[in-house]
Amino acid sequence: METAISMTDVHKHFGRTHALDGLDLSVRTGEVHGFLGPNGAGKSTTIRVLLGLLRADSGKATLLGGDPWRDATSLHRRLAYVSGDVTLWPALSGGEIIDLLGRLRGGLNVKRRQELIERFELDPRKKARTYSKGNRQKVGLIAALASDVELLLLDEPTSGLDPLMEAVFQECVNEERRAGRTVLLSSHILAEVESLCDRVSIIRKGRVVETGTLAELRHLTRTSITAELTAEPGDLAALPGVHDLRTEGAHVTFEVDTSRIDGALKALTAVGVRSLTSRPPTLEELFLRHYEDELKPGPAEDGASTS
Amino acid sequence: MNFAGTWSLVRLALRRDRILLPVWLIAFALILQSAVATFTKLYDTAQERAELAASVASNPTFEALYGPLYGDSTGAFLSWRYGTTIGVFAALMSLLIAVRHTRAEEETGRLELVRAGVVGRLAPLTSSLITVYLANLVLFALTAAITAGGGLDGAGSIAFAFQITVNGVVFGTLAGLTAQITESARFASGLAGLALGGCYLLRAVGDTGGPAWLSWLSPIGWALRLRPFEENAWWVLGLFAALTAVLLTGAYSLQRRRDFGAGLVAPRPGPATARPSLRTPLALAWRLQRGLLLGWVIGFVLLGAVFGGAANGVEDIFDSNPQLMEVLERLDQGSIIDIYMTMIMGITALIVSVYSIQATLRLRAEETGLLAEPVLATGVGRVKWAAGHLAFAVIGPAVLLLTAGAAMGLVYGAAVGDVGGQLTSSLRSSAVQLPAVWVLTGLAVALFGLAPRLAALAWAALVVFVLLGQLGPILQLDQWAMDLSPFTHVPAPSASTFDAAPLLWLLALAAALTTAGLTGLRRRDIASAG
Ligand SMILES: Nc1ncnc2c1ncn2[C@@H]1O[C@H](COP(=O)(O)OP(=O)(O)O)[C@@H](O)[C@H]1O
Ligand SMILES: [Mg+2]
């Protein structure tokens, strides 16, 4: 089977909200596919349609060769799902919930469960009502990662995780890739998707507006560079891919197309660098630049938000 | 500032309850309004009232349910028939509101946002108690206005308004205290509810031949001793003031002593791995629902035993009264004990319906709490998931009714030396109620599956059925209106003309409603956060 997920012209309304507006999505078997979009773009709705929790108004969706609505229960034995806001039964312990969800799916790998509990530093004896947001996410992640499934549907799974645990999560996803599993990872943080995914689909207002490998999407992203040089630089603006250059003596700030970053850095080191900070482009900037017309300025969302 | 922000929180609570509270209060007002109208119109001569008093005195069922009747004035009847009933429901309303704005908010984490703002440590408790007291104040004013407006004595109306609202204050405050004990809101309202049920039963035992001082242990017994319209014993209010003060002190000292989000009792750590049996939706539902069912079973053992004990005096009265015996035979519903048991079980069935709706709507609570989603994303289908909880909504009522029936039959049978015979007839009178209760289960399932946002309307249906049963005969409603309630169709189990057909119809209706609901569930969207 070549494609694990394929969706064509899928629509979904909630009253007057057009949550999915002709969505096309294709995820190949064995790849880690990033599903990137700002809050409210329709990521969770897409995943809930794939889980058969929501019924699409129109369009065609295929999941692991089956129909996500009609064949829901048999397909679910072959996949695991983690939501962006894992909710747990307050009176059950984390360990009980991991086991229960694993068994309901048809069994879980006990050795891997133990290993994951240690790596994520979860205390499985605590009652779920005493877990913090991050710990609840860990319970969901461990339950999903410890089961032997073909496909992982992860909907902003790292919200509330600290950077250390985020790193553990990334290791785990890389292991899944090596084991040949397919992963659909939704996120609104570009950096997360960049470091993990083979291919990326960008969703906006219920439509996928770009799909491709990261290299193919490089042209979309720019990195901001601020540098303190040892001398006044020459004409940096002439370098390919450099934009918005500002020079004040030996202090420069500019943006550079991520695919051209190497040339820009060489030019800087040729002059001599005292200090340098680079900031990866945020998703908001990416969207502002490429789809400016419709994105309203709003408070930037961070990794802790849920939707 | 421990109390900073109290008033903003009161406003927030009133806003959140802007539908719930008026619904409760309007329901109370409607019942009172029609009760005042009926009692003043239908029983307006001294002779009619004397006859009513005599028939009340002859039937201990009434004493057990409502308490003693303290006179034969219109006001005395009103206070006897509705004072305890509405008082208990006002107490229920109050304890639910108190928990809703304290522990429930803390448990969901919403209060954390509020507390992080300019809000003092004691403000959430204080504001929810103020909300409860305001609700009872409005009920007090409504009651006094409706009764006095119906032409009844002014001072008596005030005393009656106190009778109805004092237990709202007491049990609302008690819930403020139980909310401090553990992290769970269900525990807080469960414990306060159990106390309410216990106090009601204590009074029932005290008022029906048990030691009379038992009634004095129960605030529900005290409220009756106000004797509105007869004596207006204002000093009884002192007891309530003292008890409320004690409960308040308790609630505040517990609140000061504990951390935010925590209870007094630190939660014990659970097992690191699940038992082998925790592997099906039914096993999960059992974990989630067993506490509720156990609490109800305990309550129903007590209830059955109390009413079984009260049955003791029934037969004596009739043995000494041949005229009444004649009336009975004409009624053709079996012996006086059979009639008594049927009546008690009719009321019990209404209470069991509360459980059946509660157990069914747990499905909706799981869904909107996003706890259905993780289960439905595994290999579990929707119907199988629902069936886990529905097992409780279907089997639970049977367990409860038969428990109450068995306790009643055993206690009464032991007293009259005929355990086998009495047990059979009390179990029979409890079993006939079951199909009607299942109709409510079915209705709740149908709403949940077909119109999930309206699932709470199952409660409204129960309220309508209760009102039809309670007020229908007094208001002399038409038969078609009475027929709306499934409980109207329950046949008398001991009548010589006993006909099981209505039971089969009720069963068929319950099954059809359940099927419709499950079909709807299979076709609809599962609620997401939005
Ligand atoms: N159950 C629902 N009812 C109404 N609107 C919804 C519901 N679920 C999602 N939406 C709306 O659909 C849009 C897409 O939401 P969602 O898929 O959750 O976005 P994302 O996960 O990308 O943040 C949003 O505008 C959201 O408000
Ligand atoms: Mg989302």
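In this predicted model, the C-alpha centres of domain 1 and domain 2 of chain B lie 25 Å apart. Domain 1 of chain B covers residues 1-262, and domain 2 of chain B covers residues 279-530. Where the two domains touch, domain 1 of chain B contributes 20 residues and domain 2 of chain B contributes 23 residues.

## The two domains of chain B

The size of an interface is often given as the accessible area lost when the parts come together. For domain 1 and domain 2 of chain B, that area is about 1,800 Å², with 76% of it on carbon and sulfur atoms. The number of salt bridges between domain 1 and domain 2 of chain B is zero. Residue pairs in polar contact between these two domains, counted with both residues at pLDDT 80 or more, also number zero.

On the domain 1 side, four helices of chain B each supply at least two residues to the contact with domain 2: H2 (20-42), H4 (60-66), H5 (74-101) and H10 (185-207). Of the elements on this side, H4(B) gives the most, with six residues. Sorted by class, the side of domain 1 of chain B that touches domain 2 of chain B consists of 12 nonpolar, six polar and two charged residues.

## Where chain A meets chain B

Between the chains, 35 residues of chain A are in contact with 41 residues of chain B. Chain A and chain B bury about 3,300 Å² between them, and 58% of this area is on carbon and sulfur atoms. Three residues, A:Trp89, A:Arg103 and A:Leu104, supply 22% of the area that chain A buries against chain B, more than any other three residues.

Side chains of opposite charge can pair when their charged atoms come close. Three salt bridges are counted between chain A and chain B. A:Glu96 forms a salt bridge with B:Arg287, and the closest N and O atoms of this pair are 2.6 Å apart. The count of residue pairs in polar contact between chain A and chain B is 21, with both residues at pLDDT 80 or more.

On the chain A side, helix H2 (72-76), strand E5 (79-82) and helix H3 (94-104) each supply at least two residues to the contact with chain B. H3(A) gives the most to this side, with seven residues. By class, the side of chain A that touches chain B has 15 nonpolar, eight polar and 12 charged residues.

## Salt bridges within the chains

Over all chains, the structure holds 33 salt bridges. The table lists some that lie within a chain.

| Residue 1 | Residue 2 | N to O distance |
|---|---|---|
| A:Glu175 | A:Arg112 | 3.6 Å |
| A:Arg112 | A:Glu176 | 3.0 Å |
| B:Glu367 | B:Arg524 | 2.9 Å |

A:Glu175 forms its salt bridge with A:Arg112 across two helices. A:Glu175 lies in helix H6 (residues 163-178) of chain A and A:Arg112 in helix H4 (residues 110-119) of chain A, so this pair ties together parts that are 63 residues apart in sequence. A:Glu175 is partly exposed, with a relative accessible area of 24%, whereas A:Arg112 is buried, with a relative accessible area of 14%.

A:Arg112 also meets A:Glu176 in a salt bridge. With A:Arg112 in helix H4 of chain A and A:Glu176 in helix H6 of chain A, the pair ties together parts that are 64 residues apart in sequence. A:Glu176 is buried, with a relative accessible area of 2%.

In chain B, the side chains of B:Glu367 and B:Arg524 meet in a salt bridge. B:Glu367 lies in helix H16 (residues 336-368) of chain B, and B:Arg524 lies in the segment after helix H23 (501-523) of chain B, so the pair ties together parts that are 157 residues apart in sequence. Both B:Glu367 and B:Arg524 are buried.

In chain A, salt bridges that share partners join A:Arg112, A:Glu115, A:Arg119, A:Asp148, A:Glu171, A:Glu175, A:Glu176 and A:Arg181 into one network.

## An enclosed helix in chain A

Helix H1 (residues 43-50) of chain A is largely enclosed by the rest of the structure, because eight of its eight residues are buried. Among these buried residues of H1(A) are A:Lys43, A:Arg48 and A:Leu50. Just after H1(A), A:Gly52 takes a positive phi of about 75°.

Note on methods
Residues numbered from 1 in each chain as written. Chains lettered and ligands numbered in written order. Predicted model: local features only at pLDDT ≥ 70, side-chain atom pairs only at ≥ 80, totals over all residues. Heavy atoms only, no water. Domains from an automatic or database assignment. Contact = heavy atoms within 4.5 Å. Buried area = accessible area lost by both parts, 1.4 Å probe. Salt bridge = Lys/Arg side-chain N within 4 Å of Asp/Glu carboxyl O. Polar contact = N/O pair within 3.5 Å; in protein donor to acceptor, adjacent residues only side chain to side chain. Nonpolar A, V, L, I, M, F, W, Y, C, P; charged D, E, K, R; others polar. Buried < 20%, exposed > 50% of the residue type's maximum accessible area, 1.4 Å probe, protein only.
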